[in-house]
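Please open the model in your viewer and keep the sequence panel beside it, since each stop on this tour begins with something to select.

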Amino acid sequence: MSISRKRKSLSYVHGFKVPSQMDIDKALGKFDSNDNINSAFTQNFYKTFDSLPLPKKSTNWLVQNVEKGQTYMEYLQLSRTLHTQSSSHRKTIYLTMFGQIDNTIFDIDSLIDYTQRFFQMPVKIINPFINVQWNDQTNQWTCIMNLNNGQNRSFKLRTRFHEKTKHSQICVTGILNLLQKIVPNDARCLIALTMYDLYGDETDLFIAGFARGNFRVATFSLYRYDPYLTFNEFDWFSCKLKDPSKSKIQINNRRNLLLLRTCRLLTHEICHLFGIAHCIFYSCLLNGSGDLEEDFSQPLLECPIDLRKLYTLINFNIHKRYEELLEFFKMHDFLNEMKMVETKLNVIKHSMNSNSSDCNSSTSTKIVKRKRTHYTTVEQDVLTTTVAEDKEVLQSPAKYLKCH
């Protein structure tokens, strides 16, 4: 029993370096004395963020993958190639629905609202996909879409089908190829959301989504994020949906939980499309996840380092953004998120009102002290990932992929 308790928190993958306080300070970078965000980025502000959690399962991201982390200065170097003068007109996030969306469980309007508040950018819906339908004769999904030239065209989609269970999955690359044909000129990115189950290759259990950063497109499935769904972690075709409840309370709970999970998924992936890599410095929206349990446990908000990256890219008012996010969390009873943002706002307001000496123009940050236990390394070869192709892998007979 004691051995089991000790191994509740697992070791990181061999080769992963747990960041020190010096590493965190370096990742945040130095501030100019004239920087407008100095009043927000104080020692007390940093204390409102939790430290990087230890892995709990063998499938967790940092048990399987070596991440070196992306500093603020590294992001600036990358952003010079991603966000150039010629792309400065691209200021809109576009969403589209691929196939039918069940509005009784999925609140698309609230997701749009949240995405606008999070990124402080306009979000627009377009509807190029006229029809997505199943062909019983070929056991294949087909799609009719309206192209930029105004013509309609039918496309066959690569499909995986299991005869016994009748479960099917659509290959994600086919949807991405279609999205590339219709990206609006002013799009910062175009993302398709679907209720259909997706896969990338035959080794996948499923994928929650995939992105092509260079083409500004991505697609994500909400299928496995439904709290009413249960599935086998070894067979992609073994899925079972709980009978829908008629209770208004349970319907609302299901709808709200799916919204929360989708808010986390979509903002995480858009951050990647904006050039922000996985975070290893805090408990953060940008942490990698190797399984859905780990995914669902992660915060909705980014850490100070990734907040600074977003601020540099979009140049929003941090105080106003937190106020708008708090309003959203209150509307949807996201209680943990409410407390989190209220704490940050109180610290920022106090700092702004008092103009205290805690305002830092350097990187002297104090973080909540990290609690770590002694661990042994895991001998395993793992490929490092990139922003362009950021696969989250579950090493089992079938694998789960979250992004890119």
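**A loop residue to start from**

Select asparagine 139, which at 27% relative accessibility counts as partly exposed, a class that lies between buried, meaning under 20% relative accessible area, and exposed, meaning over 50%, with a 1.4 Å probe and protein chains only. Asparagine 139 sits in the loop between S3 and S4, where helices (H or I, at least four residues) and strands (E, at least two) are DSSP runs numbered from the N terminus. Phi of asparagine 139 is near 50°, which is a positive value in a residue other than glycine.

Before moving on, please keep in mind that this is a predicted model, in which local features need pLDDT of at least 70 and side-chain atom pairs count only at pLDDT 80 or more, while totals for chains, interfaces and linings use all residues. Residues are numbered from 1 along each chain as its sequence is written, and side-chain values use heavy atoms, with hydrogens and water left out.

**The whole chain**

Zoom out to the full protein chain, which holds 12 helices and 15 strands. Of its 404 residues, 54% are buried. The accessible surface comes to about 19500 Å², with 49% of it belonging to carbon and sulfur atoms, as computed by the Shrake-Rupley method with a 1.4 Å probe, where for residues only the protein chains shown count as cover. Among contacts (heavy atoms within 4.5 Å) between residues at least 6 apart in sequence, 73% join residues at least 24 apart.

**The three-stranded sheet**

Return to the loop at asparagine 139 and add the strands S3, S4 and S5, which form an open antiparallel sheet in the order S3-S4-S5; two strands are taken to pair if DSSP finds at least two bridges between them. Strand S3 (129-135) and strand S5 (152-157) stand at the edges, each with a single partner strand, so one side of each has no neighbour in the sheet. From one strand to the next the twist averages 20°, and angles here run from 0 to 180 degrees between N-to-C directions, with axes being lines fitted to C-alpha atoms, for helices over the stretch in contact.

Within this sheet, S3 and strand S4 (residues 140-146) pair in the antiparallel sense over six bridges, and one pair to highlight is phenylalanine 129 with its bridge partner in S4, methionine 145. Now add helix H7 (residues 172-180), which packs on the sheet and touches S3, S4 and S5, its direction making about 160° with that of S5.

**A covered strand with parallel partners**

Next, select strand S8 (residues 187-194), where eight of the eight residues are buried. Strand S1 (residues 92-98) runs parallel to S8 and is joined to S8 by seven bridges, including the one between methionine 97 and leucine 193. S8 also pairs in the parallel sense with strand S12 (residues 217-221), over five bridges, and here isoleucine 191 has alanine 218 as its bridge partner.

**Two helix pairs**

Select helix H5 (residues 72-82) together with helix H10 (residues 304-314), which pack at an angle of about 30° with their axes 10 Å apart. H5 is therefore roughly parallel to H10, a description used for angles under 35 degrees, whereas those over 145 count as roughly antiparallel, 65 to 115 as roughly perpendicular and the rest as oblique. For a closer view of this pair, show Tyr72, Tyr75 and Leu76 in H5, which meet Ile305, Arg308, Lys309, Thr312 and Leu313 in H10.

Then move to H6 and helix H11 (residues 318-331), whose axes come within 9 Å and cross at roughly 160°, so that H6 is roughly antiparallel to H11. Among the residues making the contact are Ser110, Asp113 and Tyr114 of H6 and Arg321, Glu324 and Leu325 of H11.

**Two more loops**

Which loop holds glutamine 120? Its place is between helix H6 (108-119) and strand S2 (123-125), and glutamine 120 is partly exposed, with a relative accessible area of 21%. Phi of glutamine 120 is near 55°, again a positive value in a residue other than glycine.

Finish at histidine 332, in the loop between H11 and helix H12 (335-354). At 11% relative accessibility histidine 332 counts as buried, and, not counting residues up to four places away in sequence, histidine 332 touches Asp107, Ser110, Asn256 and Leu259.
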